[in-house]
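Please open the model in your viewer and keep the sequence panel beside it, since each stop below begins with something to select.

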Amino acid sequence: MIYSDIEGVLPAEQIKHNAKCHSLGNDGNQIMEAYSEEDISKVLSFAYQQSKTVNIISGGTKRGYGGELEQADILLSLGNYKGIVEHSVGDLTLTVKPGTTLREITEELAKHGQQVAIDTPWPELATIGGIIAANDSGPKRLLYGSARDLVIGTRIVYSDGRIIRTGGKVVKNVAGYDMNKLFIGSMGTLGVVSEITLKLRPLPSFEGLSLLQFPQGGQQAIREFSMQILDSMMEPVSLEILNPSFAEKMTGNRDYTLAIAFEDRKKAVQEQEKWVKNHVPIDAKHCVMHEEQARRWWEKFRHFGPNGHNDEEYNDSNTQAALKIGSNNFDVLIILEVSERLSKEHQVTTEAHGGVGHGISRVFIEGLPENIVSYIKALRSEVERRHGYVVCTHLPFKLRKLVCVWGEIPPYFALLEGIKHTNDPNRILNRQRFVGGI
Amino acid sequence: MFGKKRQKQKPDDAVIQQLMQIVGDSEVLYLKEDLIAYECDGYTLSKGMPKAVIFVKSTKQVSDVVKYLNTVGIPYIARGAGTGLSGGATPLGGEVIISLVRMKRMLHLDLKNRKAVVEPGYINLKLTQSISDKGYYYAPDPSSQYACTIGGNVNENSGGAHCLKYGVTTNHILGLEFVLPSGDVIELGEEGIPDRPGYDLLGLLTGSEGTLGIVTKITVKILKNPEGKKTVLAYYDDIGDASQAVSDIIAAGIIPAALEMMDSIAIEGVESAAYPVGHPRDIAAFLLIEVDGIDAGIEDQIDEILTVCKNNNVREIKVAKDEEERGLWWANRKMGFGAMGAISPDYLVQDGVIPRTRLPEVLAKISEISKKYELRIANIFHAGDGNLHPLILFDASIPGESERASKAGSECLKVCADVGGSITGEHGVGIEKSAEMRFIFTDEEMTAQTNIRAVFNPEDLLNPGKLFPQPGRCVEIKREITKVVVS
């Protein structure tokens with residue numbers, strides 16, 4: 001009865017009653033499928049007027065990322081609102097609908113020798129809307145930057161159904177506030193992104209990947225080598241350290257491994273690889289891959305870690321979690337070491353990697369729920385001691401109640417609440433999904 | 001028109017006295033003759049007399065001053081070196097200017113983690129100079145970098161010639177400390193660690209033109225110098241060919257560090273100024289193209305650039321033979337705006353952005369505007385990223401010319417907006433372009449922005465009247481513009 005008034009908002013075939021609740025939460029009693037910006041606007045206007053809560057989803061890979069509300073009134077799905085609106089090849093810009101997967105974008109742009117320089121996981125499932133809303137990133141942010149460096153404009157449907165444009169379609173623009181930034185990483189709590197314009201890059205003419213594998217106890221050598229390359233004039237695209245358990249899955253060797261990518265003209269890549277070869281520390285194993293082989297390696301890299309797209313029933317022994325950790329660049333190695341040590345103490349298995357040039361690490365955890373909770377708390381305390389932060393990017397719903405997903409509330413929380421109130425006064429959008437229960 | 005305000009500027013004015021209590025007697029200017037230099041910033045077409053100028057030395061002083069001014073309801077403006085080009089630091093009349101030029105120290109340098117912490121009054125070029133011996137630099141390089149402050153750069157989200165490859169200020173800011181209009185001190189991006197949980201206030205503050213808070217400390221990213229660098233100068237008889245070459249270079253998969261263009265009138269200016277290169281006077285345009293990166297990869301890119309330029313009917317093309325020649329070419333280019341003084345009594349610089357593929361048609365329209373208003377328009381562009389700087393030349397002593405220049409400038413921006421571009425790429429909106437915001441944003445979209453301002457600056461005492469069109473007041477300012485002489 002409650003939802004009889006929903007009929008008429010969208011055609012009947014776009015509305016589905018949701019009988020089951022996903023184990024990761026962030027679900028909705030009624031699933032409403034948007035095919036257009038107008039559909040999004042209609043659903044939100046309705047929800048705003050009727051004070052219904054709305055969760056937003058598209059690829060669903062981030063369903064386990066934040067959220068203390070198991071079921072909203074409406075689950076607004078953008079998964080079918082996809083496609084390229086405009087690709088201006090000469091301007092290196094792309095305007096795209098939010099439900100387009102990163103893979104779809106990559107394939108289309110490759111036909112023109114271009115790319116969106118984002119190397120996030122699960123590209124065939126994760127949509128650009130979700131990647132932007134969650135501010136996801138990969139190892140190559142070292143050189144190419146993250147979403148905030150690539151988004152130049154958006155169209156946003158505000159909570160009352162208004163459509164507001166931010167930024168524009170040109171690569172350089174300082175007219176008004178840089179409102180784009182507010183929506184990147186806001187977890188859909190300020191509005192529904194209905195269109196995104198991105199800055200593109202040409203595809204590199206040549207790709208190389210150098211792997212350095214360090215035997216047990218070689219952390220000091222990794223640190224010294226990393227400092228040396230960062231202080232050189234080399235231009236690595238990634239400088240990602242893999243912990244031994246993750247490296248074993250990637251390479252077959254259980255060693256701390258440094259993945260150094262170079263993407264440039266062939267001669268420049270070769271020159272940099274020569275530099276690496278000349279500086280390889282004694283005891284470290286060194287191998288080099290090029291082009292297709294390098295691309296395949298990174299493709300494999302992007303398919304690790306839990307993924308909320310799957311609606312698997314987890315039993316207690318194989319509960320999965322994922323963390324994003326921010327730290328000073330050179331604390332990355334320490335954090336990887338600490339994460340490994342604590343995994344033994346808390347009886348969980350972990351795989352981890354982190355960028356020594358950009359300060360973001362990822363830890364994937366598997367184990368008993370109570371052990372995962374104690375592990376995260378212990379790791380968080382170590383990271384915060386080094387002034388970093390830990391965010392849980394994947395946790396089953398019931399565990400999100402036990403571990404604070406976002407960590408401490410920042411001292412300027414009142415500003416965040418003020419912004420939320422300005423954009424979504426009735427708090428209908430992704431309620432309790434973000435920092436401090438925003 | 002300032003008679004009434006002059007009355008208030010007596011040394012026994014209670015507000016001035018209180019400000020002196022907070023920052024010290026010698027740190028407050030209040031006499032009209034001392035305040036004249038603060039009537040405007042680098043945008044000289046609009047002027048207003050401040051109530052006082054105070055020089056702060058610490059975050060606490062900023063906070064104390066702001067708290068006090070809130071209690072008496074007096075508006076205030078933060079100011080750095082005053083090199084802004086849109087009137088962002090220009091008073092409308094009666095504001096207290098909080099000058100940050102004495103907060104000019106580098107507080108911390110961390111080469112290992114590639115970051116530096118500076119106070120807002122720290123000069124842009126000084127940062128690069130102070131780390132260049134270690135092989136590092138700070139990327140954003142506005143033409144005024146020898147004078148402008150990093151605090152000002154943050155507020156304007158400044159660009160520069162090399163932002164095509166390296167991005168603008170916002171891409172290089174890791175952390176900020178700022179004072180809210182409430183007086184509260186906020187720290188964002190502590191230790192420069194990226195992606196801290198919460199809305200990206202760092203991104204919002206950068207480019208907010210001093211309307212959301214007063215920046216008191218900045219953590220910036222520093223970069224390692226590129227291994228190699230090559231610079232090319234290409235002369236064209238036809239500006240359309242030069243424009244096409246710009247698009248073709250980008251389409252060839254090259255991202256130059258800089259890709260600049262100047263037309264014949266601009267060339268006439270720079271050749272008459274301090275750093276003449278000896279460019280032929282009869283060319284239609286030149287391109288200044290710089291490629292940097294790993295040495296081994298540069299030669300191929302230069303070869304491709306030479307091919308593209310030749311395919312587009314270049315008259316003459318050359319690669320800088322040494323650092324000295326490269327330096328001269330850049331000095332000549334960076335003199336661009338100032339050089340207009342050599343060929344015209346006054347000029348007005350605009351800052352439109354367009355999709356770079358629309359360059360030829362936009363140039364044709366700017367040429368029509370020039371004819372319509374009977375004013376010469378020189379063009380200097382960051383062509384690679386579609387950022388145009390039409391320089392409208394006029395003589396303010398001729399009745400009506402200032403007004404025509406202002407109208408011509410606004411029309412140039414309309415052309416940019418109409419092809420899907422923006423009214424400003426790096427100079428900011430300030431006072432100058434607040435009316436033109438309507439070219440690209442609806443009232444609803446601007447309200448979405450002013451609502452955000454209200455979260456930070458609810459009383460609108462911090463830099464009021466900037467960025468957004470204000471009915472009535474805006475008309476007055478435009479009227480005022482036509483009265484003022486620039487040189």
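**A walk through chains A and B**

Begin by selecting residues 24–203 of chain A, the stretch that an unreviewed UniProt entry annotates as "domain: FAD-binding PCMH-type". What you have on screen is a predicted model, and the annotation itself comes from the UniProt record. If you mark the C-alpha atoms at the two ends of this span, you will find them 37 Å apart, and colouring by secondary structure will show a span that is 23% helix and 28% strand.

**The open sheet in chain A**

Next, select the five strands S5, S6, S10, S8 and S9 of chain A, which form an open sheet in the order S5-S6-S10-S8-S9 with antiparallel pairing. Strand S5 (84–88) and S9 of chain A stand at the edges with a single partner strand each, so one side of each has no neighbour in the sheet. Looking across this sheet, you will find neighbouring strands turned by 10 degrees against each other on average, with direction ignored.

Stay at the S5 edge and zoom in on S5(A) together with strand S6 (residues 93–96) of chain A, which are paired in the antiparallel sense over 4 bridges. Two pairs are worth labelling here: His87(A) stands opposite Leu94(A) in S6(A), while the bridge partner of Glu86(A) in S6(A) is Thr95(A). The hairpin of S5(A) and S6(A) has 4 residues between the strands, and in it Leu92(A) takes a positive phi near 55 degrees.

**Where chain A meets chain B**

Now show both chains and select the residues in contact between them, 62 from chain A and 71 from chain B. On the side of chain A that touches chain B, the elements giving two or more residues include helix H5 (147–150), strand S9 (163–167), helix H9 (266–279) and helix H14 (413–423) of chain A. Which element gives the most to this side of chain A? H14(A) does, with 5 residues. If you colour this side of chain A by residue character, it divides into 25 nonpolar, 23 polar and 14 charged residues.

**Chain B as a whole**

Hide chain A and look at chain B, in which there are 18 helices and 18 strands. The C-alpha trace of chain B spans about 70 × 60 × 45 Å along its principal axes. For 487 residues a compact globule would have a radius of gyration near 23 Å, and the 23 Å of chain B agrees with this. Buried residues make up 57% of the 487 residues in chain B, and of the contacts with a separation of 6 or more, 73% join residues 24 or more positions apart.

**A hairpin and its further partner in chain B**

Select strand S5 (residues 106–110) of chain B with S6(B), a pair that runs in the antiparallel sense over 4 bridges. In this pair Met106(B) stands opposite Val118(B) in S6(B). The two strands form a hairpin with 4 residues between them, and Arg114(B) in the turn has a positive phi of about 55 degrees.

Then add strand S10 (residues 214–221) of chain B, which runs antiparallel to S6(B) and is joined to it by 4 bridges. Here Lys115(B) stands opposite Lys221(B) in S10(B). With side chains shown on strand S6 (residues 115–118) of chain B, Lys115(B) and Val117(B) point one way, whereas Ala116(B) and Val118(B) point the other way, and all are buried.

**Three single residues in chain B**

Centre the view on Ala52(B), placed in strand S2 (residues 52–55) of chain B. Ala52(B) counts as buried because it has 25 C-beta neighbours inside 10 Å. Beyond its neighbours within four places in sequence, its contacts include Ile16(B), Leu19(B), Tyr30(B) and Val96(B).

Move on to Asn157(B), in the loop between helix H6 (150–156) and helix H7 (163–166) of chain B. Most residues other than glycine have a negative phi, yet Asn157(B), which is not a glycine, has a positive phi of about 50 degrees. With 26 C-beta neighbours inside 10 Å, Asn157(B) counts as buried.

Finish at Leu467(B), in the loop between helix H17 (443–456) and helix H18 (473–481) of chain B. Is Leu467(B) buried or exposed? Leu467(B) has 27 C-beta neighbours inside 10 Å and therefore counts as buried, and its phi is a positive value near 75 degrees.

Notes. Residues numbered from 1 in each chain as written. Chains lettered and ligands numbered in written order. Predicted model: local features only at pLDDT ≥ 70, side-chain atom pairs only at ≥ 80, totals over all residues. UniProt positions renumbered as here; feature names shortened; annotations may be inferred. Rg over C-alpha atoms; globule rule 2.2 N^0.38 Å. Buried ≥ 20, exposed ≤ 12 C-beta atoms within 10 Å, placed from the backbone. Contact = placed C-beta atoms within 7 Å. Nonpolar A, V, L, I, M, F, W, Y, C, P; charged D, E, K, R; others polar. Pairing = 2+ DSSP bridges. Axes fitted to C-alpha atoms, helices over the stretch in contact; angles between N-to-C directions.
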